[in-house]
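These are my notebook entries from a reading of one protein model. I record what I looked up and what I found.

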Amino acid sequence: MIKLSDTQALILSAAAQRPEHIALPLPESLRGGAAAKVVGAMLAKGFLEEVDADMRKGEAVWRETGNGHGVTLVATDAGFAAIGIEPEDANPAPAGATDAPTEEPAPDTPTGTKTAPKARTPREGTKQATLIAMLRAPDGATIGEIMAATGWQSHTVRGAMAGALKKKLGLEVTSEKVEDRGRVYKLPAA
């Protein structure tokens with residue numbers, strides 16, 4: 001199950017009870033920078049999304065975009081799945097609904113949303129893109145070579161490989177000890 005903070009769970013639960021699943025207003029205890037941090041994390045995880053606010057209907061506005069327009073926050077299907085609620089607009093009779101219930105989830109349940117972040121690709125020209133290109137080279141790269149190319153310290157290089165590449169992007173980083181070079185890290189060719 002996805003780990004949520006109490007505040008994130010409270011925001012999603014309240015949105016599930018509101019018309020059109022609008023996540024605003026946020027809890028009164030959540031203001032300023034703390035609100036921006038919590039909402040930013042929920043946007044990044046896909047639990048909330050920004051949509052144009054209909055200010056004529058008096059919808060709450062998360063931020064103004066200019067010219068009298070603004071955006072509001074709406075809970076997504078992934079957000080509802082994170083708190084264990086099946087979205088109302090889901091297909092009422094999914095494939096296999098007439099079959100006897102099983103312990104396995106149906107093929108079109110929102111379990112596929114958990115793997116969506118692994119499809120991310122880094123922007124061109126970033127240090128992460130440089131790291132990936134170096135690791136995909138036929139000879140791979142050592143920690144020292146990556147440090148020289150990115151300006152990172154060794155612990156940052158290792159952290160980027162373990163966190164960004166392995167966990168977030170789902171890439172398989174391999175390493176081997178090469179004579180005269182030391183430990184060489186590689187990614188399979190794209």
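Entry 1, burial of strand 3. I looked up strand 3 in this predicted model and found that six of its seven residues are buried, so the strand is largely enclosed by the rest of the structure. The cut-off I applied for "buried" is under 20% relative accessible area.

Entry 2, the sheet around it. I asked in which order the strands of the sheet are arranged. The sheet is open, has three strands and follows the order 1-3-2, with antiparallel pairing. I noted strand 1 (48-52) and strand 2 (63-66) as the edge strands, since each of them pairs on one side only. From one strand to the next, the twist averages 35°.

Entry 3, the helix on the sheet. I then checked what packs on this sheet and found helix 2 (residues 32-45), which touches strand 1 and strand 3. The direction of helix 2 makes about 95° with that of strand 1.

Entry 4, bridges. I looked up how many bridges join each strand pair. Strand 1 and strand 3 run antiparallel and are joined by five bridges. Within strand 3, valine 74 is the residue that stands opposite glutamate 49. Strand 2 is joined to strand 3 (residues 69-75) by three bridges, and these two strands also run antiparallel. For glutamate 64 I recorded glycine 70, in strand 3, as the bridge partner. As a general reminder to myself, strands of a sheet pair through backbone hydrogen bonds, either parallel or antiparallel.

Entry 5, threonine 142. I located threonine 142 in the loop between helix 4 (127-136) and helix 5 (143-150). Is threonine 142 buried or exposed? Its relative accessibility is 10%, and therefore I count threonine 142 as buried. With neighbours within four places in sequence left aside, I found threonine 142 in contact with Arg181, Arg183 and Val184.

Entry 6, the whole protein. I counted six helices and five strands. Along the sequence, I read their pattern as α-α-β-β-β-α-α-α-α-β-β. Of the 190 residues in the protein, 29% are buried. I also looked up contacts between residues at least 6 apart in sequence: 53% of them join residues at least 24 apart. The protein exposes about 12,500 Å², and I noted that carbon and sulfur atoms supply 52% of this area.

Key:
Residues numbered from 1 in each chain as written. Predicted model: local features only at pLDDT ≥ 70, side-chain atom pairs only at ≥ 80, totals over all residues. Heavy atoms only, no water. Pairing = 2+ DSSP bridges. Helix = DSSP H or I, 4+ residues; strand = E, 2+ residues; numbered from the N terminus. Axes fitted to C-alpha atoms, helices over the stretch in contact; angles between N-to-C directions. Contact = heavy atoms within 4.5 Å. Buried < 20%, exposed > 50% of the residue type's maximum accessible area, 1.4 Å probe, protein only. Areas by Shrake-Rupley, 256 points an atom, 1.4 Å probe, with all protein chains shown as cover.
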